[in-house]
Amino acid sequence: MARDTMTYESYEPDSFDNPPKGPVGVHRGARSVMARLCPFIVVILVAALCGVGAWAWISGEYKNVVGGSSQTATTSKSDSSSKAETKNSTKDDSSSTSTDSSKDSTSDSAKSDTDSDTTSSNENQNSDQQSQQSEAIATVNKATQVRVVNATGIQGYAGQQADVLQTAGYTSVEATNPSGTLPASSVVWYQNETDKATAEDVAATLGISAVEQVQGLAVPITVVLLN
């Protein structure tokens with residue numbers, strides 16, 4: 001059997017046998033200048049940063065940067081603490097001053113009240129004494145009848161004392177001898193409470209210290225003289 005030989009001419013012509021002229025297929029367009037330079041710029045920047053970092057590390061400048069940041073933070077913290085302490089100190093001083101002022105004001109007020117009470121008390125006492133003295137002076141009645149009893153045994157002694165009272169302004173004085181029960185010492189007796197001031201004045205005039213109220217006297221005031 002004869003072997004057929006296949007050649008180019010054995011196939012019928014088609015579209016692939018007459019390709020178009022010029023380049024055929026997918027291809028990229030021309031890139032811009034910036035797009036072509038971008039990789040080089042990135043490489044240069046990275047290299048520059050690496051160089052600066054290496055220089056800072058070798059020369060020790062990075063410590064100044066780190067130390068400066070730490071010092072700034074410490075300074076800021078210290079300033080904050082100082083401001084807080086100053087504020088607290090000011091507050092404490094203000095509180096202390098307010099407390100001291102309050103204490104001084106309270107002490108002055110208490111002292112003023114005490115002085116006022118003392119002055120008022122002294123004035124009241126003086127007023128009472130003056131009132132008592134005025135009342136005593138006002139109630140001394142030298143026209144009251146006074147009897148002087150001589151129990152000393154000295155003749156004429158009662159008359160002498162009666163003269164003393166008359167010289168002092170008493171207008172109704174009589175001298176008599178004792179009768180009945182006698183006291184142990186010289187005394188001035190008075191019967192009514194209204195005669196007390198007069199009896200005390202009689203005793204003071206004659207130098208007698210004892211003044212007593214006795215009921216049933218014949219006269220308002222009786223003076224008993226004893227040795």
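**Helix H3, a salt bridge and the largest pocket**

Directly after helix H3, Gly169 adopts a positive phi of about 115°. This value, like those below, comes from a predicted model.

Helix H3 spans residues 157-167. Its buried residues are Ala158, Gln161, Ala162 and Leu165. These residues lie on the same side of H3, because they cover an arc of only 105° around the axis. In an α-helix, residues three or four places apart point the same way, because each turn takes 3.6 residues. The buried residues of H3 pack against strands S1, S2 and S5 and against helix H4 (196-206).

Strands S1 and S2 are also linked through side chains. Glu174 and Arg147 form a salt bridge, with an N to O distance of 2.8 Å. Glu174 belongs to strand S2 (residues 173-176) and Arg147 to strand S1, so the bridge ties together parts that are 27 residues apart in sequence. A search of the whole structure finds one salt bridge. Glu174 is partly exposed, at 28% relative accessibility. Arg147 is partly exposed too, with a relative accessible area of 25%.

Arg147 also appears in the largest pocket. The volume of this pocket is about 240 Å³. Its lining comprises 16 residues. Closest to the centre are Arg147, Val149, Ser179, Trp189 and Thr222. Strand S1 (146-150) and strand S5 (221-225) are the elements that each give two or more residues to the lining. By class, nine lining residues are nonpolar, six are polar and one is charged.

How values were computed
Residues are numbered from 1 along each chain as its sequence is written. This is a predicted model: local features need pLDDT of at least 70, side-chain atom pairs count only at pLDDT 80 or more; totals for chains, interfaces and linings use all residues. Side-chain values use heavy atoms; hydrogens and water are left out. On a 1 Å grid over the protein atoms alone, a cavity is a set of points where a 1.4 Å probe fits but cannot get out, and a pocket is an open set with protein on both sides within 12 Å along at least five of seven lines; lining residues have an atom within 4 Å of a point. Grid points are joined across faces, edges and corners, and a volume is the space filled by probe spheres set on the points. Helices (H or I, at least four residues) and strands (E, at least two) are DSSP runs, numbered from the N terminus. Ala, Val, Leu, Ile, Met, Phe, Trp, Tyr, Cys and Pro count as nonpolar, Asp, Glu, Lys and Arg as charged, and the others, Gly among them, as polar. A salt bridge is a side-chain nitrogen of Lys or Arg within 4 Å of a carboxyl oxygen of Asp or Glu. Buried means under 20% relative accessible area, exposed over 50%, partly exposed in between (1.4 Å probe, protein chains only). The arc is that of the directions from the helix axis to the C-beta atoms. Contact means heavy atoms within 4.5 Å.
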